[in-house]
Amino acid sequence: MKTLKLGIAGLGHVGCGLIDLVQRQDRLRLPGKVEIAGVTARNRSRNRPVSTDDYEWFDDAAKLAADDSINVFVELIGGSDGPAKVAVETALKSGKAVITANKALIAMHGQELAELARENGVDLLFEAAVAGGVPVVRVLRDSLAGVDVRRVTGILNGTCNFLSSEMLATRRPYEVVLAEAQRLGYAESDPTLDVSGMDAAHKAAILAAIAFSADLDFSKVSVRGIDEVELLDLDLADRLGLRIKLIAEGKITDSGVVCRVEPLALPTGHPLARVNGSLNTVRVEGEPLGAVTLTGPGAGPGPTASAVMGDVAKLFNPIARPAFGRAEHHDVRSFVFAESDEKSAFFLRVRLADRAGALAELTEALAESGVSVDKLLQDSADENGAAPVAIVTHVCARSEINDARDRLRALESNMGQPQIIAIEASTE
């Protein structure tokens, strides 16, 4: 195929970024020629940084997906259902290769869309759906095909990483730094999808499905966001030699694939602890590789559009590869929730009334739950008479630390919601 004719659905920042790349493709290292045969978006008259006057306009994405003038459908609409899903299904059924940057669509419906692509002998590619300009999908599916992957971890949301990094660096509270992130364009006007952890969870589920040849089941992904983390937590953890980051994780266990997104406390020497600002990082661990870490810009029109164009380049030699890299002879694994006896050390932060015996009540409650103290840090009481206490526990089960949290909530000396964050093992 010497010429690829694209139909582009969605002309936001990424769509316009892709058009810009096509219009100056003579400076790129593409193995053939790319043309744009048609475009569609919600608003035809919107002012855009690139001209679309030379391309046929379609009022309906599904009609563009089915049109004979294109052989590659690029979906940049967004959303897990609705027009995006209908258009992608239409393109696959019409024998068109599909490229998408839609993480929600792939996380929620990737399994069925991959099967549809297989049935019709076409490619479904989604490098741009995870970590923007970091080619982690391709690396996991292709470059590391000879690795028995045991765990994938990463910082997959630049907004959350900026928030935690900037709060600690400037000692400003969450609300102030969030407003700064919105002003700089790192956070949306409604940041819920990012700060709740859901954006990172979509990406984590995709990576876990590829890494472990698993049936993607997003309902089994555990999600906890960065919006629960206070400046106090970041500060106390830092004084204990830990950095709190929103970490996405996928790992293989005896019962299946555990996938989660949650704040983790990382030793300062950990590779992910050193990643600040809006960068994305993915760490892959397995045999005989050991570990490899990929870092780069994870969002924005430039990185994401370049990832889309990377998928376009692959289609000059289409082979209808399995979308998630799983062959028929592979053992199929299932997504599962983590067992309650899963063990870790934990960072625990409480606010105690500034009175005699309060600390003794705390340690007694922990002991009753089977949780022992490794390190303890206590600050002076604030203007409300609440004294922050930070503890690093010895390794214990999640069920034990959760029981301890319930006991701490019930203490008369407790003032506020206890914070519990698992501590990542050091790699040094």
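Me: In the open sheet of six strands, what is the strand order?
Reply: This is a predicted model. Its open sheet has six strands with parallel pairing. The edge strands are β3 (56–57) and β6, and each pairs on one side only. Read across, the order is β3-β2-β1-β4-β5-β6.

Me: Over how many bridges do strands β1 and β2 pair?
Reply: Strands of a sheet pair through backbone hydrogen bonds, either parallel or antiparallel. Strand β1 covers residues 3–9 and strand β2 covers residues 33–40. They run in the parallel sense, and the count of bridges is seven.

Me: Which residue of β2 is the bridge partner of Thr3?
Reply: Strand β1 spans residues 3–9, so Thr3 belongs to β1. Its partner sits in β2. That partner is Lys33.

Me: In which sense do β15 and β19 pair, parallel or antiparallel?
Reply: Strand β15 holds residues 343–353, and strand β19 holds residues 419–423. Five bridges link the two strands. One facing pair is Arg349 and Gln419. The sense is antiparallel.

Me: How many of the residues of strand β19 are buried?
Reply: Strand β19 is mostly covered. Ile420 is found in this strand, and its relative accessible area is 5%. Buried means under 20%, so Ile420 qualifies. For the strand, the count is five of five.

Me: Which residues does Ile420 touch, not counting those up to four places away in sequence?
Reply: Ile420 lies in β19. Among its contacts are Phe346, Phe347 and Leu348, and strand β15 covers residues 343–353. The full list is Arg224, Phe346, Phe347, Leu348, Ile401 and Arg405.

Me: How many Å apart are Ile420 and Gly38, C-alpha to C-alpha?
Reply: Ile420 is found in strand β19. In sequence, Ile420 and Gly38 are 382 residues apart. In space, the C-alpha to C-alpha distance is 51 Å.

Me: What is the volume of the largest cavity?
Reply: A search of the whole structure finds one cavity of 30 Å³ or more. Its lining includes Val152, Leu207 and Glu249. The volume of the largest cavity is about 50 Å³.

Me: Which elements give two or more residues to the lining of the largest cavity?
Reply: The lining residues are Val152, Thr153, Gly154, Leu156, Ala204, Leu207, Ala208, Ala248, Glu249 and Gly250. By class, six are nonpolar, three polar and one charged. The elements asked for are β7 (148–155), α9 (198–211) and β10 (242–252).

Me: Is Ser165 buried or exposed?
Reply: Ser165 lies in helix α6, residues 158–170. Its relative accessible area is 12%. The limit for buried is under 20%, so Ser165 is buried.

Me: The side chain of Ser165 reaches the backbone nitrogen of which residue?
Reply: Leave aside the neighbours within four places in sequence. Ser165 is then in contact with Lys245, Val275, Asn276 and Gly277. Its side chain reaches a backbone nitrogen at 3.4 Å, and that nitrogen belongs to Gly277.

Me: What covers the buried residues of helix α3?
Reply: Helix α3 spans residues 83–93. Its buried residues are Ala84, Lys85, Ala87, Val88, Glu89, Ala91 and Leu92. What covers them includes α2 (61–66), β4 (72–75), β5 (97–100) and α4 (103–119).

Me: Which elements do the buried residues of α5 pack against?
Reply: In α5, Val136, Val137, Val139, Leu140 and Arg141 are buried. The elements they pack against are β6, β7, α9, β12, β13 and α11 (301–314).

Me: Is Ala131 buried or exposed?
Reply: Ala131 lies in the loop between β6 (124–125) and α5 (136–143). Its phi is positive, about 65 degrees, although it is not a glycine. Its relative accessibility is 1%, and the limit is under 20%, so Ala131 counts as buried.

Me: What does Arg171 count as, at 42% relative accessibility?
Reply: Arg171 is found in the loop between α6 and α7 (174–184). Its phi is positive too, near 60 degrees. Buried is under 20% and exposed is over 50%; 42% falls in between, so Arg171 counts as partly exposed.

Me: Which residues does a cis peptide bond join?
Reply: Look at the loop between β12 (279–287) and β13 (290–297), where Pro288 is found. Omega of the cis bond is about 0 degrees. The residues joined are Glu287 and Pro288.

Terms used:
Residues are numbered from 1 along each chain as its sequence is written. This is a predicted model: local features need pLDDT of at least 70, side-chain atom pairs count only at pLDDT 80 or more; totals for chains, interfaces and linings use all residues. Side-chain values use heavy atoms; hydrogens and water are left out. Helices (H or I, at least four residues) and strands (E, at least two) are DSSP runs, numbered from the N terminus. Buried means under 20% relative accessible area, exposed over 50%, partly exposed in between (1.4 Å probe, protein chains only). A polar contact is a pair of N or O atoms within 3.5 Å; within protein, one must be able to donate a hydrogen and the other to accept it, and residues adjacent in sequence count only if both atoms are side-chain atoms. Contact means heavy atoms within 4.5 Å. Two strands pair if DSSP finds at least two bridges between them. On a 1 Å grid over the protein atoms alone, a cavity is a set of points where a 1.4 Å probe fits but cannot get out, and a pocket is an open set with protein on both sides within 12 Å along at least five of seven lines; lining residues have an atom within 4 Å of a point. Grid points are joined across faces, edges and corners, and a volume is the space filled by probe spheres set on the points. Ala, Val, Leu, Ile, Met, Phe, Trp, Tyr, Cys and Pro count as nonpolar, Asp, Glu, Lys and Arg as charged, and the others, Gly among them, as polar.
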